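Let's read a structure together, one feature at a time. Bring your questions, and we will start from the ligand and work outward.

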Amino acid sequence: MRAIFLGPPGAGKGTQAQRISEAYQLMHISTGDLLRGTIKDNSELGRKARVYMERGELVPDELVTALVRERLRAARRHRGFILDGYPRNQAQALALDEILAEEEIPLDLVVHFETPVEVVRDRLMGRRVCSSCGTNFHLKALPPSPNGRCSRCGGELMIRPDDQDQTVEQRIRVYEDFARPLVKFYRKKDLLHKVSGAQTAGDQYAELKRLFERKAK
Ligand code: AP5
């Protein structure tokens, strides 16, 4: 299965991409995680990306696309992939089409997590991330261990630097600027499936599993 998870920040893309990719042994390609990895490594790309990410803006297309291209080549060895957070605009969608054509990998579906803006704000304000394994928690909806540490690996939890008030508002604006043409692009290709981003994580997972099972037939 080769899928794209599309939706606003906080819609649950990362949470579900992690669960679904584990369930179906797919490669989870999160451009946000890849970029945070380059920042952690203090690479030249990381130093460039950090400036944009801290402002809640998109990292230049060519930098992100180069990361995705490299990953998709490796994805050939897997049973498929979930692209989480890429593409984010039409230029990236066109670049992705080219990569997939070169690699001869057709796309199976694009899941659009439709999520009201007030839900997005609450999710991002309550998010805590494990500094060791990267798992996302939410203080109320998906709480970590009672000792305040990661319930997967016991790691220390942190607040993502771009989950601050003003950066969240900028990320929401950026999403709204680019989302509509992207949704239209994939609707035209008859690949788009809507999922409510506002439901519980358990309900989202069940709906996605039904969708993946249907598509796999
Ligand atoms: P990225 O890391 O991709 O962030 P994002 O798209 O803004 O998405 P989030 O990770 O905030 O949200 P999510 O939908 O994955 O939700 P999650 O599951 O984490 O990108 C960060 C930055 O990198 C961008 O701003 C940009 O600068 C750059 N970047 C990345 N990709 C790029 C690209 N293609 N081009 C250019 N620049 C790029 O959940 C959020 C919270 O809600 C968590 O606390 C979680 O526990 C909780 N939660 C999840 N599901 C539920 C639920 N159903 N009910 C209640 N709580 C839930």
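**Reading the ligand site and beyond**

Q: Which backbone atom of Val59 lies 3.0 Å from a nitrogen atom of the ligand, and how should I read such a pair?
A: Happy to start there! This is a predicted model, and a polar contact is a pair of N or O atoms within 3.5 Å. Here a backbone N or O atom of Val59 sits 3.0 Å from a ligand nitrogen atom.

Q: How much of the ligand's accessible area does the protein cover?
A: The idea is to take the accessible area that the ligand has on its own and ask what share the protein covers. In this case the ligand has 1,000 Å² on its own, and the protein covers 97% of that.

Q: Which elements give two or more residues to the shell around the ligand?
A: Helices H1 (13-24), H2 (31-40), H6 (117-125) and H8 (201-216) do, along with strand S6 (136-138). H2 gives the most, with 4 residues.

Q: What polar partners do the ligand's oxygen atoms have at Gly12 and Arg36?
A: For Gly12, a polar backbone atom is 3.0 Å from a ligand oxygen atom. For Arg36, a polar side-chain atom lies 2.9 Å from an oxygen atom of the ligand.

Q: Which residues around the ligand come nearest, and how does the shell divide by class?
A: There are 36 residues around the ligand, and Thr15, Glu57, Arg88, Phe137 and Arg171 come nearest. By class, the shell holds 14 nonpolar, 13 polar and 9 charged residues.

Q: How do I look for empty space, and how much lies in the second largest pocket?
A: Rolling a probe the size of a water molecule over the atoms shows where space is left empty. The second largest pocket holds about 320 Å³ of space. It is lined by 17 residues, and those closest to its centre are His112, Glu114, Tyr175, Glu176 and Ala179.

Q: Where does the lining of that pocket come from?
A: Strand S4 (109-114), H6 and helix H7 (165-188) each supply at least two residues. H7 has the largest share, 7 residues. Sorted by class, the lining of this second largest pocket has 10 nonpolar, 2 polar and 5 charged residues.

Q: What does the radius of gyration say about the whole protein?
A: Compare the value with that of a compact globule of equal length. For 217 residues the globule would be near 17 Å, and the protein has 17 Å, so the two agree. The C-alpha trace spans about 45 × 40 × 35 Å along its principal axes, and the secondary structure comes to 8 helices and 8 strands.

Definitions and conventions: Residues are numbered from 1 along each chain as its sequence is written. This is a predicted model: local features need pLDDT of at least 70, side-chain atom pairs count only at pLDDT 80 or more; totals for chains, interfaces and linings use all residues. Side-chain values use heavy atoms; hydrogens and water are left out. A residue is near a molecule or strand if one of its heavy atoms lies within 4 Å of it. A polar contact is a pair of N or O atoms within 3.5 Å; within protein, one must be able to donate a hydrogen and the other to accept it, and residues adjacent in sequence count only if both atoms are side-chain atoms. Accessible areas come from the Shrake-Rupley method with a 1.4 Å probe; for residues, only the protein chains shown count as cover. Ala, Val, Leu, Ile, Met, Phe, Trp, Tyr, Cys and Pro count as nonpolar, Asp, Glu, Lys and Arg as charged, and the others, Gly among them, as polar. On a 1 Å grid over the protein atoms alone, a cavity is a set of points where a 1.4 Å probe fits but cannot get out, and a pocket is an open set with protein on both sides within 12 Å along at least five of seven lines; lining residues have an atom within 4 Å of a point. Grid points are joined across faces, edges and corners, and a volume is the space filled by probe spheres set on the points. The radius of gyration is taken over C-alpha atoms; the globule rule is 2.2 Å times the number of residues to the power 0.38.
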